[in-house]
Amino acid sequence: MNKKLIVANWKMLPESLAEAESILEFTDSQLSTLGNQDKLSLVICPPFIYLEDVARIFKTSNLENRASIGAQDIAIEEKTALTGEISGSMLSKIGVQYVIIGHSERRWKLGESDETVNQKLKSALRSGLIPIVCIGERVRDENFSTFLRNQTSNTFKDLTPDEIGKCILAYEPVWAISTNPGAKPDTPQSALESISIIKTSISPQLVLYGGSINPKNAQDFLCMEDIDGVLVGGASVKKEEFADILKIAAKI
Ligand code: PGA
């Protein structure tokens, strides 16, 4: 079985740096009990405000060798006036290697269009960051496969196969994200069907599933040969739950 990638999307949590430190310390200590590190890769994506502190904590712990840092967003361009935005080069200078692009909360709650997501994706690639690109339907209705095909082609518009091959795809059905009303995880089989629809037009380097991943269901997704890992939201800031997910991934 291939090495599994676990991406922690902390979203707008935790509320203090002290809590962030405590999650990282615990994660570090748990990782050291897992033995063979070849089974699992880890990317932690904190809010912008903690990135530099997280980079410092990585350097002064074993996390530096065991995990990477990701951002949750990126500016569409480098050298321009964009109030409130953070550029790709600013991120890479502080040690960020990955960036989440097109998360459904940004698409649906903040009105980020496919065109903007496409610009951000190109911006990440120009900065040498590895994009974790979120694709997913809002509802599973009779049009969902057309929706997935359109969102994929708009999001990856004008990218060469080589550039797409540098991207990580995260299939995240919006209705399965834990904070959405009535959310329940997709099943691994139906997630794989959606992933195969998306993969008719693109060949990313890795494919993740995201949406209500927790210690009870992580095994079901991670044991699938065609799912290279999981993108974990809510459970990634609950340190014991997150450690349990890491343990499961390390045993696959
Ligand atoms: P969740 O979030 O694990 O809380 O469902 C996943 C995500 O939004 O990336």
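A residue is counted as near the ligand if one of its heavy atoms lies within 4 Å of it. The model described here is predicted.

**Ligand site**

The ligand is surrounded by 13 residues. Lys11, His103, Glu172, Ser178 and Ser212 are the closest of them. By type, the shell around the ligand consists of seven polar residues, four nonpolar residues and two charged residues. The space that the ligand takes up is the second largest pocket.

Polar contacts to oxygen atoms of the ligand include those in the table.

| Residue | Protein atom | Distance to a ligand oxygen atom |
|---|---|---|
| Lys11 | N or O atom in the side chain | 2.6 Å |
| Glu172 | N or O atom in the side chain | 2.8 Å |
| Ser212 | polar backbone atom | 2.7 Å |

Lys11 and Glu172 thus each place a side-chain N or O atom by a ligand oxygen, at 2.6 Å for Lys11 and at 2.8 Å for Glu172. For Ser212, the contact runs through the backbone, at 2.7 Å. On its own, the ligand has 280 Å² of accessible area, and the protein covers 99% of that area.

**Cysteines**

Zero disulfides are found when the whole structure is searched. A disulfide requires two cysteine sulfur atoms within 2.5 Å. For Cys45, the closest cysteine sulfur belongs to Cys134 and is 9.4 Å away, so the pair is too far apart for a bond. Cys45 has a relative accessible area of 0% and is therefore buried.

Cys167 is likewise in no disulfide. The cysteine sulfur nearest to that of Cys167 is also in Cys134, at 12 Å. Cys167 counts as buried because its relative accessibility is 0%.

How values were computed. Residues numbered from 1 in each chain as written. Predicted model: local features only at pLDDT ≥ 70, side-chain atom pairs only at ≥ 80, totals over all residues. Heavy atoms only, no water. Polar contact = N/O pair within 3.5 Å; in protein donor to acceptor, adjacent residues only side chain to side chain. Areas by Shrake-Rupley, 256 points an atom, 1.4 Å probe, with all protein chains shown as cover. 1 Å grid on protein atoms, 1.4 Å probe; cavity = no way out; pocket = protein on both sides within 12 Å on 5 of 7 lines; lining within 4 Å. Sits in = over half its atoms within 2 Å of the grid points. Nonpolar A, V, L, I, M, F, W, Y, C, P; charged D, E, K, R; others polar. Buried < 20%, exposed > 50% of the residue type's maximum accessible area, 1.4 Å probe, protein only.
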